[in-house]
Amino acid sequence: MPQILICFSRVVHKPQLTLDHALSQRNFTDELMTALDPNRTVTRYRKNWRFSQPKIMNQKYLVGKLGFISSVQESITDYDENQKDFTQQSIDIRQATFSQWAVDLSTQMIAFETKPPKIRFQSFIGAYKGILNQHPETGFTVEQILESAKFFDWVGKLDRITRFTASIRAPNPDFASRPRIIRELLEDTNAVSAKVELKSEQSLNTEKTIVQDLVDYGEDGYSRIVAYGEQNGHKQTFDSKREIATERIDTPSTLLLNVDIVWNRIIEVLSRKSSK
């Protein structure tokens with residue numbers, strides 16, 4: 001059965017000292033719909049990307065399409081009455097490629113389909129960010145989320161952890177329910193970002209320490225984790241930017257042409273992911 005590869009990220013506000021952190025869900029929705037302007041385009045690798053008009057589904061999700069139109073040459077055969085002969089000529093045909101996406105307005109998590117080789121994770125994110133950046137007054141960007149289980153699975157395979165770095169930034173909308181270390185580093189100091197670096201000649205303890213808090217913070221898209229360790233004498237590296245949160249879903253090929261069904265499948269996995 002055909003599968004759709006769904007990728008996850010988070011739509012967030014860039015850290016701004018002047019930003020009102022008491023941003024309501026209604027304002028988030030209105031501002032995001034303004035930023036996802038179907039009249040704007042961004043060019044990446046000679047492709048002009050643009051959005052469809054976004055819409056609300058199930059009163060909780062903002063959905064839309066992001067894609068590009070390319071020109072391909074196709075050879076056609078015809079009969080020329082003047083020449084009394086069959087002729088061939090090349091014509092340019094407009095061809096559209098798009099991916100469907102959905103944003104959970106309560107968690108700000110986004111899920112989108114990829115269509116390799118034409119639309120991959122990085123090309124989708126780059127185009128999405130590119131159009132958001134054309135509305136700088138809204139302050140939106142897209143950040144990759146870290147699945148903490150992947151980090152601790154990596155740690156479990158190593159003999160020792162020698163270095164750990166977390167680059168963190170202020171959350172949106174506020175610091176409620178955030179770990180104490182996050183509040184002390186950012187809220188108490190009024191900082192928009194911070195970097196924590198830990199080193200050990202032996203091995204860092206990653207269980208039930210600030211390492212756990214900093215990694216978990218990455219689940220919300222506010223932390224990039226880079227760590228170094230050794231396994232059987234070989235150096236190993238973990239970089240959360242290289243770890244893409246994904247899920248594959250089975251979808252009958254006959255249903256792939258129905259955009260509403262695809263959106264519902266995307267929303268289904270997004271709902272599960274957001275509730276974890």
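# Exercises on a four-stranded sheet and its surroundings

Four strands form an open sheet with antiparallel pairing, in the order S10-S9-S11-S12. The model is a predicted one. The exercises below start from this sheet and then move to its helices and to single residues.

## Exercise 1. The sheet

Task: State which strands are the edge strands of the sheet, and how many bridges join the neighbours.

Solution.

Step 1. Take the edges. Strand S10 (193-199) and strand S12 (234-239) each pair on one side only, which makes them the edge strands.

Step 2. Go through the pairs from the S10 edge. S10 and S9 pair in the antiparallel sense over seven bridges. S9 is joined to S11 by eight bridges, again antiparallel. Strand S11 (residues 223-231) and S12 run antiparallel and are joined by six bridges.

Step 3. Fix the register with single residues. Ser-167 has Lys-195 as its bridge partner in S10, and Ser-167 stands opposite Arg-224 in S11. Further along the sheet, Tyr-228 has Thr-237 of S12 as its bridge partner.

Step 4. Add the twist. With direction ignored, neighbouring strands of this sheet are turned by 10° against each other on average.

## Exercise 2. Burial of S9

Task: Decide whether S9 is largely enclosed or not enclosed by the rest of the structure.

Solution.

Step 1. Recall that a residue counts as buried under 20% relative accessible area.

Step 2. Count the residues of S9: seven of the 10 are buried, so the strand is largely enclosed by the rest of the structure.

Step 3. Set this beside the whole chain, in which 42% of the 276 residues count as buried.

## Exercise 3. Helix H5 and what it touches

Task: Find which strands H5 touches, and classify the crossing of H5 with H3 and with H4.

Solution.

Step 1. Begin with the sheet. H5 packs on the sheet and touches strand S9 (160-169), S10 and S11; the direction of H5 makes about 50° with that of S9.

Step 2. Take H3. The axes of helix H3 (residues 148-156) and helix H5 (residues 210-217) cross at roughly 140° and come within 8 Å. Only angles over 145 degrees count as roughly antiparallel, so H3 is oblique to H5. On the H3 side the contact is made by Ser-148, Phe-151 and Phe-152, and on the H5 side by Val-211, Gln-212, Val-215 and Asp-216. By class, this contact has four nonpolar, two polar and one charged residues.

Step 3. Take H4. The axes of helix H4 (residues 180-187) and H5 cross at roughly 75° and come within 9 Å. The range for roughly perpendicular is 65 to 115 degrees, so H4 is roughly perpendicular to H5. Ile-181, Ile-182 and Leu-186 of H4 meet Ile-210, Asp-213, Leu-214 and Tyr-217 of H5. The contact of H4 with H5 has six nonpolar, no polar and one charged residues.

## Exercise 4. Val-196

Task: Determine whether Val-196 is buried or exposed, and which residues Val-196 is in contact with.

Solution.

Step 1. Place the residue: Val-196 is found in strand S10.

Step 2. Read its accessibility. The relative value for Val-196 is 11%, so Val-196 counts as buried.

Step 3. List the contacts. Beyond its neighbours within four places in sequence, Val-196 is in contact with Phe-164, Thr-165, Ala-166, Leu-185 and Leu-214. Leu-214 is one of the H5 residues that make the contact with H4.

Step 4. Check one separation. Val-196 and Phe-164 are 32 residues apart in sequence, and their C-alpha atoms are 8.0 Å apart in space.

## Exercise 5. Two residues outside the sheet

Task: Locate Ser-99 and Gln-108, and state whether each is buried or exposed.

Solution.

Step 1. Ser-99 lies in strand S6 (residues 85-104). Its relative accessible area is 0%, so Ser-99 is buried.

Step 2. The side chain of Ser-99 reaches the backbone oxygen of Glu-113 at 3.0 Å. Leaving out neighbours within four places in sequence, the contacts of Ser-99 include Gly-64, Leu-66, Thr-114, Ile-119 and Phe-124.

Step 3. Gln-108 sits in the loop between S6 and strand S7 (109-113). At 11% relative accessibility, Gln-108 is also counted as buried.

Step 4. Not counting residues up to four places away in sequence, Gln-108 touches Arg-10, Val-11, Val-12, Phe-28, Val-103 and Asn-172.

Methods:
Residues numbered from 1 in each chain as written. Predicted model: local features only at pLDDT ≥ 70, side-chain atom pairs only at ≥ 80, totals over all residues. Heavy atoms only, no water. Axes fitted to C-alpha atoms, helices over the stretch in contact; angles between N-to-C directions. Parallel < 35°, antiparallel > 145°, perpendicular 65-115°, else oblique. Contact = heavy atoms within 4.5 Å. Nonpolar A, V, L, I, M, F, W, Y, C, P; charged D, E, K, R; others polar. Pairing = 2+ DSSP bridges. Buried < 20%, exposed > 50% of the residue type's maximum accessible area, 1.4 Å probe, protein only. Polar contact = N/O pair within 3.5 Å; in protein donor to acceptor, adjacent residues only side chain to side chain.
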